[in-house]
Amino acid sequence: MTKIGSKLLLTYFLLIICIFFITSLSFHFISQRYLINGTEQELQKEAKVISQLLSKGALSSSSVQQKLVNRKVLAISERLTSSKMIIWTGNQDIIYSDLKEVNLAQIEEQSKGPGRKFVTKTVEISAKNGRIKGYVTLFARIEDIKEINQLMRNSQLISLIISAIIALFLGVFFEKSLTKPIRLLSAHMKNYTVRGTNKEISIHTKDEIGELADSFNALSRKMKRYDEDQKVFFQNASHELKTPLMAIQGNAEGILDGVVTGEDAKHSLNVIIAESQRLKKIVESVTYLAKLESIEESFSFAEESLDRVIREAVESVGAIAEQRGIEILVDNHVTGKVLMDCEKMKRAFINLIGNAIRYAESKIVVKSFVTGGKEIIIEITDDGAGFAAGEELKVFQRFYSGDAGGSGIGLAITKAIIEGHNGTITAFNGQPKGAVFQICIG
Ligand SMILES: Nc1ncnc2c1ncn2[C@@H]1O[C@H](COP(=O)(O)OP(=O)(O)O)[C@@H](O)[C@H]1O
Ligand SMILES: [Mg+2]
């Protein structure tokens, strides 16, 4: 049995025992009082009937016996305890008694106080003219009442034991059905490997355990995707690093072997320097990206003017844009300050606008506004060729670059920066043409 299962069963039983204890205790007191009260009422009723029966004629031993032959048939049948009867006159003469020896004073004495032994009821027997002829006293033993109470308690105990046994079976059954999916899930998790061909676990319990299984499936999907990304990254990285390294090696060997000389050697050396710089840039970018993705503290947030950050980014690429005859339009509607890491945000904008300059025909628009839901939207739109079908989904991958592209790290860095601000970035084709990069920070 699992630990959760035994804890559940233990709780279940403690609960049953508590309920049993409390109910039997309260039942004991309530039922005893109820029985004594009931007996008192019954005795009173019965004594009245008898007193009426004896109200006619003289009150003598023989007449009483004659009239009370059928006493048992009187309205006393529903009572559980048996009663005894004494009929006596005002001057304590006993006319009739169910007991052999009677001590009226003693019975009376023992009918009082908390430790009393009897429940008694005395009713006058009056003649028609109102004269009191005598008294009828009925009494029942408390012991008898207690016995009945005990009997009732015993039957309660038996029914409780039976229900406890049924509850035990039900409890064990529920424990099994509750912990089975947990055991399944735990076995699945133990055997799980990111690279393996594990199927997803399916638990359809529609409760928290089902939710847990769904969450685990989602997590394992994420891990697989991450693993896939990692693989692609290493493949692309090695490819991306190999190209400049091969160029460096080829040119260096050409010079060393004496194949390349004079002006050509100078050219080769320039190629070596350029490719080394490219390599350095790639390594720097990758290191920067790794830092962005792994260390949260690499961001330092402050309230900044979005307008200023955008304008600084535009300014820093302004010269290139001018060279290419491309106009950059800033259309800002965000007036308040925004919590951000302004250096990183500026870098993200420079990446996006820098790309746009490469692809735009004549114009780039940087538009920003706040939505009704208080989200900040920044859109960078150009009037270039836009994306080939499906390309807009790949552009954020590390080392993805199109035909006229560079190393393909820029947009991956941009995405990491935006996500570091709890934002999202998406790319799509604009109308009628061109590319749109939309940033949403909320
Ligand atoms: N404004 C744009 N219009 C069309 N394609 C773009 C645009 N911006 C980026 N891309 C595509 O996304 C690719 C990846 O961009 P990026 O990550 O910045 O790398 P790089 O600029 O080094 O190529 C680019 O090579 C290009 O194919
Ligand atoms: Mg770029």
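## Helices against the sheet

In this predicted model, helix H7, which spans residues 306-316, lies across E6, strand E8 (363-370) and E9, and its direction runs at about 175° to that of E6. A further helix, H11 (residues 410-420), packs on the sheet as well, where H11 touches E10 and E11 and makes an angle of about 140° with the direction of E10.

## The sheet itself

The sheet that carries these contacts is open and is formed by five strands, which follow one another in the order E6-E8-E9-E11-E10 with mixed pairing. Because strand E6 (327-332) and strand E10 (423-429) each have a single partner strand, they stand at the edges, and one side of each is left without a neighbour in the sheet. From one strand to the next, the twist averages 10°.

Within this order, strand E9 (residues 376-382) and strand E11 (residues 435-441) run antiparallel and are joined by six bridges. Ile376, for instance, has Ile441 of E11 as its bridge partner.

## A nonpolar patch and Ile162

Another feature concerns the surface, where Ile158, Ile162, Ile166, Leu170, Phe173 and Phe174 together make a nonpolar patch of about 620 Å². One of these residues, Ile162, has its place in helix H4, which covers residues 142-190.

Is Ile162 buried, partly exposed or exposed? The relative accessibility of Ile162 is 47%, and since buried means under 20% and exposed means over 50%, with partly exposed in between, Ile162 therefore counts as partly exposed.

Conventions:
Residues are numbered from 1 along each chain as its sequence is written. Chains are lettered from A and ligands numbered from 1 in the order in which they are written. This is a predicted model: local features need pLDDT of at least 70, side-chain atom pairs count only at pLDDT 80 or more; totals for chains, interfaces and linings use all residues. Side-chain values use heavy atoms; hydrogens and water are left out. Two strands pair if DSSP finds at least two bridges between them. Helices (H or I, at least four residues) and strands (E, at least two) are DSSP runs, numbered from the N terminus. Axes are lines fitted to C-alpha atoms, for helices over the stretch in contact, and angles run from 0 to 180 degrees between N-to-C directions. Contact means heavy atoms within 4.5 Å. Patches are made of residues with over 30% relative accessible area and no salt bridge: like charges are joined within 9 Å, nonpolar side chains (Val, Leu, Ile, Met, Phe, Trp, Tyr) within 5 Å. Accessible areas come from the Shrake-Rupley method with a 1.4 Å probe; for residues, only the protein chains shown count as cover. A salt bridge is a side-chain nitrogen of Lys or Arg within 4 Å of a carboxyl oxygen of Asp or Glu. Buried means under 20% relative accessible area, exposed over 50%, partly exposed in between (1.4 Å probe, protein chains only).
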